[in-house]
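Open the structure in your viewer and keep the selection box ready. Each stop below says what to select and what is there.

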Amino acid sequence: MRPLRLIPDDTAIPFMRGRYAGVATSAVLSILSLVLFVWPGLNYSIDFRGGVLIEARVPGVADLSAIRATVGQLGFGEGAVQQFGSPSDVLIKLGAAAATEAGRAKVQAALQAEFPGTELRRAEVVGSKVSGDLFRDGMTAAAMALGAMLLYIWFRFDWQFGVGLVTTLVLDVTKTIGFYGATRLPFDLNSLAAILILIGFSVTDKVVVYDRIRENLRKFKAMPLRQVIDLSILPLALIGKGSVADFAWTMVFGIFIGTTSSIFIAAPILLFLGEKRLRRQADAETRAAAV
């Protein structure tokens, strides 16, 4: 009994016909993303621009949405509210304008009026220097991750693959930053985590593509590189997931960027860099395996 085939064996989709449009579109979007990063800039949360952290205890079980609505009307920007410890304890994050004594008093008065018996247990100011250090450390971590992945790909494959991977990752990350700039989603430490996860997904996806290309280079010695790449990336053209949360939206966008860049950027870079050296490398590996 023959296995079920979702895609017939003789299916041929010419992905590489779109290589110039794919690389050009990606470059334009990355440039626009850098413009959005400079102006109007990212919507930094308190994690990066400083502000005040207020720990409060309300009577009964805390209604996070009601508390968020209450502090959101005070003129300190949209407050971030989360449960902290017991069901009655909440942690409220507000902008720098709430860091003064008058600002904290205004928050306490609003909570007391809406939730009588509320107790402010702690108020801690987060300075801009600390926030700047967090941002710099986060970007450093992302850069180190890129560097480590470049070394891994360089040693596992060949320099052409390393160039294709790092170039594509830089374009992926800049477009994700542009996504934050265009949508005005809050950029916080969770956003950095999402970007690092995006890098991990994108690298894994490209390693799969490059492994298949290298395998097929040895298998189809007479087939032109363009056709080998088209054949290798066909099974990866159907990947995609979705969600509605801020974090998940970032990942949805990142998955789309990472998957499409594997097809239209990472693979075309190999085609641009030439076929002869890759063929020689594949032949050398075949001979070594036969010994």
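Start with helix α3, residues 64-72. This is a predicted model. Which residues of α3 are buried? Select I67, T70 and V71: these are the buried ones. Colour them and look along the axis of α3. The three cover an arc of only 90° around that axis, so they sit on the same side of α3. The general rule helps here. An α-helix has 3.6 residues a turn, so residues three or four places apart point the same way.

What covers this buried side? Show β3 (80-83), β4 (89-94) and α4 (101-114), which are among the elements covering the buried residues of α3.

Stay here and pick I92. I92 belongs to strand β4. Is I92 buried or exposed? Its relative accessible area is 0%, so I92 is buried. Now display its contacts. Beyond its neighbours within four places in sequence, I92 touches V52, L53, I54, I67, V71, A80, V81 and L111. Two of these names, I67 and V71, are also buried residues of α3. Draw a distance from I92 to V52. Their C-alpha atoms are 8.1 Å apart, although the two positions lie 40 residues apart along the chain.

**Next: the aromatic rings**

How many aromatic pairs does the whole structure hold? A search finds 5. Select F161 and Y210 to see one of them. Their rings meet edge-to-face, with 4.8 Å centre to centre and 75° between the planes. F161 sits in helix α6 (residues 159-183) and Y210 in helix α7 (residues 189-219), so this pair ties together parts that are 49 residues apart in sequence. Both F161 and Y210 are buried.

Go on to F179 and Y180. This aromatic pair is edge-to-face as well, at 6.1 Å centre to centre and 75° between the planes. F179 has a relative accessible area of 15% and is buried. Y180 is buried too, at 3% relative accessibility. Now add Y44 and F187 to the selection. Ring pairs link Y44, F179, Y180 and F187 into a cluster.

**Then: the surface**

Switch on the surface display. Select L151, W154, F155, W159, V163 and L273. Together they form a nonpolar patch on the surface, with about 610 Å² of accessible area. Which elements give two or more residues to the patch? They are α5 (128-156) and α6. The largest share, 3 residues, comes from α5.

Zoom in on F155. It lies in helix α5. With a relative accessible area of 73%, F155 is exposed; the cut-off for exposed is over 50%.

**Last: two backbone details**

Hide the surface and show the backbone. Where is P40? Look in the loop between α1 (19-38) and β1 (43-44). Select W39 along with P40. A cis peptide bond joins these two residues, with omega at about 5°.

Finish at R184. You will find R184 in the loop between α6 and β6 (186-187). R184 is not a glycine, yet its phi is positive, at about 65°. How much of R184 is accessible, and what does it count as? The relative accessibility is 34%, so R184 counts as partly exposed.

Notes. Residues are numbered from 1 along each chain as its sequence is written. This is a predicted model: local features need pLDDT of at least 70, side-chain atom pairs count only at pLDDT 80 or more; totals for chains, interfaces and linings use all residues. Side-chain values use heavy atoms; hydrogens and water are left out. Buried means under 20% relative accessible area, exposed over 50%, partly exposed in between (1.4 Å probe, protein chains only). Helices (H or I, at least four residues) and strands (E, at least two) are DSSP runs, numbered from the N terminus. The arc is that of the directions from the helix axis to the C-beta atoms. Contact means heavy atoms within 4.5 Å. Rings of Phe, Tyr and Trp (its six-membered ring) pair if their centres lie within 6.5 Å; planes under 30 degrees apart count as stacked, over 60 as edge-to-face and the rest as tilted. Patches are made of residues with over 30% relative accessible area and no salt bridge: like charges are joined within 9 Å, nonpolar side chains (Val, Leu, Ile, Met, Phe, Trp, Tyr) within 5 Å. Accessible areas come from the Shrake-Rupley method with a 1.4 Å probe; for residues, only the protein chains shown count as cover. A salt bridge is a side-chain nitrogen of Lys or Arg within 4 Å of a carboxyl oxygen of Asp or Glu.
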